[in-house]
2 protein chains.
Amino acid sequence: MIVQQPVTTFLDALGSGSATPGGGSAAAIMGAMGAALVSMMCNLTIGKKGYAEVEGEMQSLLMAAEELRLQLADMVADDIAAFDGLMAAYALPKDTDEQKTKRSAAIQDGLKAATDVPLACARASAGVIALAMRAAQVGNRNVISDAGVGALAAQAALRSAALNVYINVPSIKDEAFASSRRDEINALVASAVPLAEQVYDVVKTQL
Amino acid sequence: MIVQQPVTTFLDALGSGSATPGGGSAAAIMGAMGAALVSMMCNLTIGKKGYAEVEGEMQSLLMAAEELRLQLADMVADDIAAFDGLMAAYALPKDTDEQKTKRSAAIQDGLKAATDVPLACARASAGVIALAMRAAQVGNRNVISDAGVGALAAQAALRSAALNVYINVPSIKDEAFASSRRDEINALVASAVPLAEQVYDVVKTQL
(Lines give C-alpha, C1' and ligand atoms only; values in the text may rest on other atoms or scores of the structure.)
Protein backbone atom coordinates (compact mmCIF):
# COMPACT_ATOMS: atom_id res chain seq x y z
CA MET A 1 0.00 0.00 0.00
CA ILE A 2 1.29 3.43 -0.95
CA VAL A 3 0.74 4.89 2.53
CA GLN A 4 3.28 2.40 3.85
CA GLN A 5 5.87 3.89 1.48
CA PRO A 6 8.03 6.89 2.46
CA VAL A 7 6.44 10.35 2.20
CA THR A 8 8.92 11.27 -0.55
CA THR A 9 7.97 8.13 -2.52
CA PHE A 10 4.29 9.07 -2.23
CA LEU A 11 5.12 12.58 -3.51
CA ASP A 12 7.15 11.13 -6.40
CA ALA A 13 4.22 8.87 -7.34
CA LEU A 14 1.76 11.75 -7.04
CA GLY A 15 3.84 13.90 -9.38
CA SER A 16 4.44 11.17 -11.95
CA GLY A 17 2.56 10.59 -15.19
CA SER A 18 0.72 7.64 -13.64
CA ALA A 19 -3.00 8.38 -13.14
CA THR A 20 -2.89 7.04 -9.56
CA PRO A 21 -2.24 8.24 -6.96
CA GLY A 22 -3.89 11.53 -7.95
CA GLY A 23 -6.05 14.26 -6.47
CA GLY A 24 -8.32 11.80 -4.65
CA SER A 25 -5.39 10.27 -2.79
CA ALA A 26 -3.98 13.72 -1.96
CA ALA A 27 -7.41 14.67 -0.57
CA ALA A 28 -7.48 11.61 1.71
CA ILE A 29 -3.96 12.38 2.99
CA MET A 30 -4.90 16.01 3.67
CA GLY A 31 -7.95 14.84 5.61
CA ALA A 32 -5.80 12.39 7.59
CA MET A 33 -3.30 15.18 8.37
CA GLY A 34 -6.18 17.35 9.57
CA ALA A 35 -7.37 14.56 11.88
CA ALA A 36 -3.81 13.97 13.13
CA LEU A 37 -3.46 17.66 14.03
CA VAL A 38 -6.67 17.52 16.07
CA SER A 39 -5.25 14.44 17.83
CA MET A 40 -2.00 16.31 18.47
CA MET A 41 -3.88 19.19 20.06
CA CYS A 42 -5.85 16.73 22.25
CA ASN A 43 -2.65 14.94 23.27
CA LEU A 44 -1.06 18.28 24.20
CA THR A 45 -4.12 19.27 26.26
CA ILE A 46 -4.80 16.05 28.19
CA GLY A 47 -2.97 16.09 31.54
CA LYS A 48 -1.92 19.74 31.18
CA LYS A 49 -2.38 22.24 34.01
CA GLY A 50 -5.53 24.31 33.63
CA TYR A 51 -7.30 21.81 31.36
CA ALA A 52 -8.57 19.27 33.92
CA GLU A 53 -12.16 20.37 33.33
CA VAL A 54 -12.09 19.49 29.63
CA GLU A 55 -10.00 16.31 30.01
CA GLY A 56 -12.95 13.95 29.45
CA GLU A 57 -14.08 15.84 26.37
CA MET A 58 -10.55 15.94 24.95
CA GLN A 59 -10.29 12.16 25.41
CA SER A 60 -13.50 11.76 23.38
CA LEU A 61 -12.28 14.18 20.71
CA LEU A 62 -8.99 12.26 20.50
CA MET A 63 -10.77 8.92 20.00
CA ALA A 64 -13.01 10.41 17.31
CA ALA A 65 -10.06 12.09 15.55
CA GLU A 66 -7.99 8.89 15.58
CA GLU A 67 -10.92 6.93 14.12
CA LEU A 68 -11.29 9.48 11.29
CA ARG A 69 -7.54 9.56 10.71
CA LEU A 70 -7.39 5.79 10.18
CA GLN A 71 -10.47 5.88 7.93
CA LEU A 72 -8.99 8.68 5.82
CA ALA A 73 -5.58 7.00 5.49
CA ASP A 74 -7.36 3.84 4.27
CA MET A 75 -9.21 5.89 1.66
CA VAL A 76 -5.97 6.40 -0.29
CA ALA A 77 -6.07 2.73 -1.26
CA ASP A 78 -9.86 2.88 -1.82
CA ASP A 79 -9.41 5.85 -4.16
CA ILE A 80 -6.73 4.08 -6.20
CA ALA A 81 -8.85 0.90 -6.40
CA ALA A 82 -11.96 2.84 -7.47
CA PHE A 83 -10.06 4.75 -10.17
CA ASP A 84 -8.31 1.64 -11.47
CA GLY A 85 -11.65 -0.20 -11.48
CA LEU A 86 -13.25 2.52 -13.57
CA MET A 87 -10.32 2.55 -16.02
CA ALA A 88 -10.57 -1.25 -16.32
CA ALA A 89 -14.27 -0.94 -17.13
CA TYR A 90 -13.55 1.60 -19.89
CA ALA A 91 -10.94 -0.82 -21.30
CA LEU A 92 -13.44 -3.70 -21.66
CA PRO A 93 -14.13 -4.92 -25.24
CA LYS A 94 -17.06 -3.33 -27.06
CA ASP A 95 -17.27 -5.28 -30.32
CA THR A 96 -20.58 -7.09 -29.82
CA ASP A 97 -23.86 -5.83 -28.40
CA GLU A 98 -23.43 -8.18 -25.42
CA GLN A 99 -19.96 -6.79 -24.76
CA LYS A 100 -21.29 -3.25 -25.07
CA THR A 101 -24.04 -3.93 -22.50
CA LYS A 102 -21.57 -5.57 -20.12
CA ARG A 103 -19.04 -2.74 -20.50
CA SER A 104 -21.67 -0.08 -20.00
CA ALA A 105 -22.87 -1.73 -16.77
CA ALA A 106 -19.27 -2.07 -15.52
CA ILE A 107 -18.63 1.63 -16.24
CA GLN A 108 -21.77 2.59 -14.31
CA ASP A 109 -20.65 0.46 -11.35
CA GLY A 110 -17.17 2.00 -11.61
CA LEU A 111 -18.57 5.54 -11.66
CA LYS A 112 -20.64 4.83 -8.56
CA ALA A 113 -17.61 3.53 -6.66
CA ALA A 114 -15.51 6.48 -7.89
CA THR A 115 -18.22 8.79 -6.50
CA ASP A 116 -18.75 7.07 -3.16
CA VAL A 117 -15.05 7.02 -2.22
CA PRO A 118 -14.56 10.82 -2.44
CA LEU A 119 -17.98 11.31 -0.83
CA ALA A 120 -16.79 9.24 2.15
CA CYS A 121 -13.60 11.35 2.21
CA ALA A 122 -15.67 14.55 2.22
CA ARG A 123 -17.91 13.19 5.01
CA ALA A 124 -14.92 12.23 7.18
CA SER A 125 -13.20 15.57 6.47
CA ALA A 126 -16.35 17.43 7.56
CA GLY A 127 -16.14 15.38 10.77
CA VAL A 128 -12.53 16.49 11.26
CA ILE A 129 -13.56 20.16 10.86
CA ALA A 130 -16.23 19.77 13.57
CA LEU A 131 -13.65 18.21 15.92
CA ALA A 132 -11.12 20.97 15.10
CA MET A 133 -13.70 23.59 16.07
CA ARG A 134 -14.24 22.03 19.50
CA ALA A 135 -10.47 21.53 19.99
CA ALA A 136 -9.88 25.20 19.12
CA GLN A 137 -12.58 26.29 21.57
CA VAL A 138 -11.48 24.30 24.62
CA GLY A 139 -8.00 22.87 23.93
CA ASN A 140 -4.54 24.05 25.00
CA ARG A 141 -4.12 27.71 23.91
CA ASN A 142 -0.40 27.16 23.32
CA VAL A 143 -1.02 24.83 20.40
CA ILE A 144 -4.24 26.33 19.04
CA SER A 145 -2.63 27.01 15.65
CA ASP A 146 -2.49 23.24 15.08
CA ALA A 147 -6.30 23.13 15.27
CA GLY A 148 -6.33 25.93 12.68
CA VAL A 149 -4.00 24.03 10.35
CA GLY A 150 -6.08 20.89 10.95
CA ALA A 151 -9.24 22.70 9.87
CA LEU A 152 -7.53 24.12 6.76
CA ALA A 153 -6.18 20.69 5.77
CA ALA A 154 -9.60 19.07 6.24
CA GLN A 155 -11.29 21.91 4.33
CA ALA A 156 -8.92 21.43 1.37
CA ALA A 157 -9.57 17.67 1.60
CA LEU A 158 -13.34 18.17 1.54
CA ARG A 159 -13.30 20.59 -1.40
CA SER A 160 -10.86 18.35 -3.32
CA ALA A 161 -13.05 15.30 -2.72
CA ALA A 162 -16.05 17.35 -3.85
CA LEU A 163 -14.35 18.01 -7.22
CA ASN A 164 -14.07 14.25 -7.71
CA VAL A 165 -17.77 13.76 -6.90
CA TYR A 166 -18.71 16.56 -9.33
CA ILE A 167 -16.64 14.89 -12.10
CA ASN A 168 -18.38 11.53 -11.91
CA VAL A 169 -21.99 12.32 -11.00
CA PRO A 170 -23.01 13.75 -14.43
CA SER A 171 -22.15 10.42 -16.13
CA ILE A 172 -24.20 8.29 -13.74
CA LYS A 173 -27.48 7.14 -15.34
CA ASP A 174 -29.13 6.01 -12.09
CA GLU A 175 -30.83 9.32 -11.36
CA ALA A 176 -31.79 8.46 -7.76
CA PHE A 177 -28.15 7.58 -6.98
CA ALA A 178 -26.78 10.66 -8.75
CA SER A 179 -29.13 13.12 -7.11
CA SER A 180 -28.65 11.68 -3.60
CA ARG A 181 -24.85 11.99 -3.95
CA ARG A 182 -25.11 15.47 -5.45
CA ASP A 183 -27.35 16.55 -2.57
CA GLU A 184 -25.05 15.10 0.06
CA ILE A 185 -21.85 16.66 -1.31
CA ASN A 186 -23.55 20.04 -1.71
CA ALA A 187 -24.78 19.88 1.89
CA LEU A 188 -21.31 18.93 3.19
CA VAL A 189 -19.64 21.77 1.28
CA ALA A 190 -22.31 24.25 2.40
CA SER A 191 -21.95 23.40 6.09
CA ALA A 192 -18.33 22.37 6.63
CA VAL A 193 -16.43 24.83 4.41
CA PRO A 194 -17.73 27.90 6.35
CA LEU A 195 -17.22 26.02 9.65
CA ALA A 196 -13.53 25.61 8.78
CA GLU A 197 -13.36 29.37 8.17
CA GLN A 198 -14.85 29.90 11.63
CA VAL A 199 -12.16 27.66 13.14
CA TYR A 200 -9.53 29.72 11.31
CA ASP A 201 -11.03 32.93 12.72
CA VAL A 202 -11.23 31.50 16.28
CA VAL A 203 -7.55 30.54 16.00
CA LYS A 204 -6.34 33.74 14.36
CA THR A 205 -7.96 36.01 16.95
CA GLN A 206 -6.25 34.09 19.75
CA LEU A 207 -2.69 34.03 18.40
CA MET B 1 14.45 12.62 8.17
CA ILE B 2 10.74 12.19 8.76
CA VAL B 3 9.85 12.54 5.05
CA GLN B 4 11.87 9.38 4.43
CA GLN B 5 9.57 7.51 6.84
CA PRO B 6 6.30 5.89 5.69
CA VAL B 7 3.28 8.18 5.25
CA THR B 8 1.51 6.36 8.11
CA THR B 9 4.53 6.92 10.41
CA PHE B 10 4.46 10.64 9.55
CA LEU B 11 0.73 10.74 10.38
CA ASP B 12 1.35 8.90 13.68
CA ALA B 13 4.09 11.40 14.60
CA LEU B 14 1.87 14.33 13.58
CA GLY B 15 -0.94 13.08 15.83
CA SER B 16 1.26 12.32 18.80
CA GLY B 17 1.86 14.51 21.85
CA SER B 18 5.30 15.46 20.53
CA ALA B 19 5.48 19.13 19.52
CA THR B 20 7.16 18.24 16.20
CA PRO B 21 6.15 17.48 13.55
CA GLY B 22 3.21 19.89 13.85
CA GLY B 23 1.23 22.32 11.74
CA GLY B 24 4.32 23.75 10.05
CA SER B 25 5.38 20.33 8.78
CA ALA B 26 1.83 19.55 7.64
CA ALA B 27 1.82 22.85 5.73
CA ALA B 28 5.05 21.97 3.93
CA ILE B 29 3.69 18.53 2.97
CA MET B 30 0.46 20.08 1.66
CA GLY B 31 2.49 22.52 -0.43
CA ALA B 32 4.62 19.66 -1.76
CA MET B 33 1.46 17.68 -2.65
CA GLY B 34 0.14 20.74 -4.47
CA ALA B 35 3.36 21.00 -6.48
CA ALA B 36 3.30 17.24 -7.21
CA LEU B 37 -0.25 17.52 -8.59
CA VAL B 38 0.84 20.31 -10.95
CA SER B 39 3.72 18.05 -12.05
CA MET B 40 1.26 15.20 -12.58
CA MET B 41 -0.92 17.37 -14.78
CA CYS B 42 2.15 18.46 -16.80
CA ASN B 43 3.30 14.85 -17.17
CA LEU B 44 -0.18 13.85 -18.39
CA THR B 45 -0.23 16.71 -20.92
CA ILE B 46 3.26 16.45 -22.41
CA GLY B 47 3.22 14.22 -25.50
CA LYS B 48 -0.59 13.95 -25.55
CA LYS B 49 -2.58 14.49 -28.76
CA GLY B 50 -3.93 18.02 -29.06
CA TYR B 51 -1.40 19.57 -26.69
CA ALA B 52 1.65 19.90 -28.96
CA GLU B 53 1.31 23.70 -28.97
CA VAL B 54 1.72 23.99 -25.18
CA GLU B 55 4.37 21.28 -24.86
CA GLY B 56 7.24 23.73 -24.30
CA GLU B 57 5.30 25.66 -21.70
CA MET B 58 4.25 22.46 -19.89
CA GLN B 59 7.92 21.38 -19.79
CA SER B 60 8.77 24.70 -18.10
CA LEU B 61 5.84 24.39 -15.68
CA LEU B 62 6.96 20.86 -14.82
CA MET B 63 10.52 21.97 -14.05
CA ALA B 64 9.27 24.82 -11.88
CA ALA B 65 6.78 22.57 -10.05
CA GLU B 66 9.42 19.91 -9.37
CA GLU B 67 11.80 22.56 -8.00
CA LEU B 68 9.08 23.84 -5.63
CA ARG B 69 8.10 20.30 -4.63
CA LEU B 70 11.66 19.48 -3.54
CA GLN B 71 12.00 22.81 -1.70
CA LEU B 72 8.71 22.25 0.14
CA ALA B 73 9.55 18.66 1.11
CA ASP B 74 12.86 19.91 2.55
CA MET B 75 10.98 22.50 4.61
CA VAL B 76 9.54 19.74 6.82
CA ALA B 77 13.01 19.24 8.30
CA ASP B 78 13.62 23.02 8.38
CA ASP B 79 10.38 23.52 10.30
CA ILE B 80 11.26 20.87 12.88
CA ALA B 81 14.80 22.31 13.28
CA ALA B 82 13.48 25.86 13.70
CA PHE B 83 10.89 24.81 16.28
CA ASP B 84 13.37 22.68 18.23
CA GLY B 85 15.88 25.55 18.11
CA LEU B 86 13.36 27.94 19.57
CA MET B 87 12.40 25.48 22.33
CA ALA B 88 16.10 24.98 23.15
CA ALA B 89 16.51 28.75 23.45
CA TYR B 90 13.58 28.98 25.89
CA ALA B 91 15.18 26.17 27.92
CA LEU B 92 18.48 28.06 28.39
CA PRO B 93 19.40 28.98 32.01
CA LYS B 94 18.28 32.41 33.24
CA ASP B 95 19.83 32.70 36.68
CA THR B 96 22.37 35.45 36.07
CA ASP B 97 22.05 38.68 34.09
CA GLU B 98 24.57 37.36 31.57
CA GLN B 99 22.54 34.19 31.13
CA LYS B 100 19.36 36.22 30.75
CA THR B 101 20.94 38.37 28.02
CA LYS B 102 22.26 35.31 26.21
CA ARG B 103 18.92 33.48 26.47
CA SER B 104 16.98 36.49 25.26
CA ALA B 105 19.23 36.84 22.21
CA ALA B 106 18.92 33.12 21.45
CA ILE B 107 15.11 33.36 21.71
CA GLN B 108 15.10 36.30 19.29
CA ASP B 109 17.25 34.35 16.82
CA GLY B 110 14.96 31.35 17.27
CA LEU B 111 11.85 33.42 16.64
CA LYS B 112 13.36 34.84 13.45
CA ALA B 113 14.16 31.34 12.12
CA ALA B 114 10.69 30.10 13.15
CA THR B 115 9.21 32.99 11.13
CA ASP B 116 11.39 32.67 8.05
CA VAL B 117 10.72 28.94 7.56
CA PRO B 118 6.91 29.26 7.29
CA LEU B 119 7.38 32.44 5.24
CA ALA B 120 9.47 30.44 2.74
CA CYS B 121 6.73 27.77 2.77
CA ALA B 122 4.09 30.42 2.05
CA ARG B 123 6.21 31.90 -0.77
CA ALA B 124 6.75 28.50 -2.41
CA SER B 125 3.05 27.62 -2.00
CA ALA B 126 2.07 30.89 -3.70
CA GLY B 127 4.38 29.82 -6.53
CA VAL B 128 2.56 26.47 -6.75
CA ILE B 129 -0.80 28.26 -7.01
CA ALA B 130 0.46 30.38 -9.92
CA LEU B 131 1.68 27.23 -11.71
CA ALA B 132 -1.63 25.46 -11.01
CA MET B 133 -3.49 28.35 -12.67
CA ARG B 134 -1.46 28.04 -15.86
CA ALA B 135 -1.76 24.23 -15.82
CA ALA B 136 -5.54 24.53 -15.44
CA GLN B 137 -5.70 27.01 -18.31
CA VAL B 138 -3.67 25.10 -20.90
CA GLY B 139 -3.15 21.55 -19.61
CA ASN B 140 -4.92 18.28 -20.42
CA ARG B 141 -8.69 18.78 -19.85
CA ASN B 142 -9.04 15.14 -18.74
CA VAL B 143 -6.98 15.69 -15.60
CA ILE B 144 -7.89 19.30 -14.87
CA SER B 145 -9.29 18.38 -11.45
CA ASP B 146 -5.74 17.57 -10.32
CA ALA B 147 -4.77 21.21 -10.93
CA GLY B 148 -7.78 22.18 -8.80
CA VAL B 149 -6.73 19.88 -5.96
CA GLY B 150 -3.15 21.15 -6.33
CA ALA B 151 -4.33 24.74 -5.90
CA LEU B 152 -6.46 23.83 -2.85
CA ALA B 153 -3.54 21.97 -1.23
CA ALA B 154 -1.17 24.88 -1.86
CA GLN B 155 -3.76 27.37 -0.59
CA ALA B 156 -4.16 25.41 2.67
CA ALA B 157 -0.35 25.24 2.92
CA LEU B 158 -0.02 29.00 2.46
CA ARG B 159 -2.72 29.88 5.00
CA SER B 160 -1.30 27.36 7.49
CA ALA B 161 2.20 28.76 7.10
CA ALA B 162 0.76 32.25 7.56
CA LEU B 163 -0.66 31.22 10.96
CA ASN B 164 2.87 30.27 12.02
CA VAL B 165 4.24 33.63 10.87
CA TYR B 166 1.45 35.46 12.74
CA ILE B 167 2.30 33.52 15.94
CA ASN B 168 5.96 34.49 16.03
CA VAL B 169 6.10 38.01 14.60
CA PRO B 170 4.54 39.79 17.62
CA SER B 171 7.37 38.52 19.89
CA ILE B 172 10.17 39.74 17.61
CA LYS B 173 11.81 42.90 18.95
CA ASP B 174 13.67 43.79 15.73
CA GLU B 175 10.92 46.01 14.33
CA ALA B 176 12.38 46.23 10.82
CA PHE B 177 12.51 42.43 10.61
CA ALA B 178 9.03 41.98 12.06
CA SER B 179 7.36 44.52 9.81
CA SER B 180 9.04 43.25 6.64
CA ARG B 181 7.87 39.68 7.38
CA ARG B 182 4.38 40.85 8.31
CA ASP B 183 4.16 42.83 5.07
CA GLU B 184 5.36 39.92 2.97
CA ILE B 185 2.99 37.36 4.46
CA ASN B 186 0.05 39.73 4.18
CA ALA B 187 0.90 40.37 0.52
CA LEU B 188 1.20 36.63 -0.21
CA VAL B 189 -2.14 35.87 1.45
CA ALA B 190 -3.82 38.79 -0.33
CA SER B 191 -2.65 37.74 -3.78
CA ALA B 192 -2.40 33.94 -3.74
CA VAL B 193 -5.46 32.92 -1.69
CA PRO B 194 -7.91 34.52 -4.19
CA LEU B 195 -5.82 33.18 -7.10
CA ALA B 196 -6.34 29.64 -5.74
CA GLU B 197 -10.10 30.34 -5.70
CA GLN B 198 -9.86 31.38 -9.33
CA VAL B 199 -8.11 28.10 -10.18
CA TYR B 200 -10.91 26.24 -8.38
CA ASP B 201 -13.51 28.13 -10.42
CA VAL B 202 -11.68 27.52 -13.71
CA VAL B 203 -11.58 23.81 -12.87
CA LYS B 204 -15.14 23.51 -11.59
CA THR B 205 -16.69 25.16 -14.64
CA GLN B 206 -14.86 22.71 -16.93
CA LEU B 207 -15.76 19.45 -15.18
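**Entry 1: helix 1**

I started with helix 1 of chain A and listed its buried residues: Val7(A), Phe10(A), Leu11(A), Ala13(A), Leu14(A) and Gly15(A). I am reading a predicted model here. Next I asked what these buried residues pack against. Within chain A, the partner is helix 2. From chain B, the partners are helix 1, helix 2 and helix 3, the last covering residues 55-90.

I noted a general point about spacing. An α-helix has 3.6 residues a turn, so residues three or four places apart point the same way.

**Entry 2: the whole chain**

I stepped back to chain A. I counted six helices and zero strands. Read along the sequence, the pattern is α-α-α-α-α-α. The C-alpha trace spans about 70 × 35 × 25 Å along its principal axes.

I looked up burial next. Chain A has 207 residues, and 54% of them are buried. Its exposed area is about 8,300 Å², with 55% supplied by carbon and sulfur atoms.

I then checked the contacts in chain A with a separation of 6 or more. Residues 24 or more positions apart account for 77% of them.

For charges, I found 16 positive and 22 negative in chain A. Their mean positions lie 3 Å apart.

**Entry 3: the core**

Which residues have the most contacts inside the largest nonpolar core? I found Met33(A), Met30(B) and Met33(B). That core has 164 residues.

I followed Met33(A) further, leaving aside its neighbours within four places in sequence. Its contacts are Phe10(B), Leu11(B), Leu14(B), Ala26(B), Ile29(B), Met30(B) and Met33(B).

**Entry 4: how the two chains relate**

I superposed chain B on chain A. The rotation is 180°, the shift along its axis is 0.0 Å, and the RMSD is 0.0 Å. That is the relation of a two-fold axis. The same surface serves both copies, as 100% of the contact residues of chain B recur in chain A.

Which residue of chain B comes closest to the rotation axis? I found Pro6(B), with its C-alpha at 1.9 Å.

**Entry 5: cis bonds**

I looked at the peptide bond joining Thr20(A) and Pro21(A). The bond is cis, with omega about -5°. Pro21(A) sits in the loop between helix 1 (7-15) and helix 2 (23-43) of chain A.

I turned to chain B. A cis bond joins Thr20(B) and Pro21(B), with omega about -5°. Pro21(B) is in the loop between helix 1 (7-15) and helix 2 (23-43) of chain B.

**Entry 6: Ser145(A)**

I found Ser145(A) in helix 5 of chain A, residues 144-168. Is Ser145(A) buried or exposed? Its relative accessibility is 7%, so Ser145(A) counts as buried; the cut-off is under 20%.

I listed its contacts beyond neighbours within four places in sequence. In chain A they are Val203(A) and Leu207(A). In chain B they are Leu163(B), Asn164(B) and Ile167(B).

**Entry 7: Phe177(A)**

I closed with Phe177(A), in helix 6 of chain A, residues 175-206. Why does Phe177(A) count as buried? Its relative accessibility is 11%, and buried means under 20%.

Beyond its neighbours within four places in sequence, Phe177(A) is in contact with Lys112(A), Thr115(A), Asp116(A) and Ile172(A). I also took the C-alpha distance from Phe177(A) to Leu195(A). The two are 18 residues apart along the chain and separated by 27 Å.

Definitions and conventions:
Residues are numbered from 1 along each chain as its sequence is written. Chains are lettered from A and ligands numbered from 1 in the order in which they are written. This is a predicted model: local features need pLDDT of at least 70, side-chain atom pairs count only at pLDDT 80 or more; totals for chains, interfaces and linings use all residues. Side-chain values use heavy atoms; hydrogens and water are left out. Helices (H or I, at least four residues) and strands (E, at least two) are DSSP runs, numbered from the N terminus. Buried means under 20% relative accessible area, exposed over 50%, partly exposed in between (1.4 Å probe, protein chains only). Contact means heavy atoms within 4.5 Å. Accessible areas come from the Shrake-Rupley method with a 1.4 Å probe; for residues, only the protein chains shown count as cover. Lys and Arg count as positive and Asp and Glu as negative; His and the chain ends are not counted. The place of a charge is taken as NZ of Lys, CZ of Arg, CG of Asp or CD of Glu. A nonpolar core is a set of buried Ala, Val, Leu, Ile, Met, Phe, Trp, Tyr and Cys residues joined through side-chain atoms within 4.5 Å. Copies are superposed by least squares on the C-alpha atoms of residues with pLDDT of at least 70 in both.
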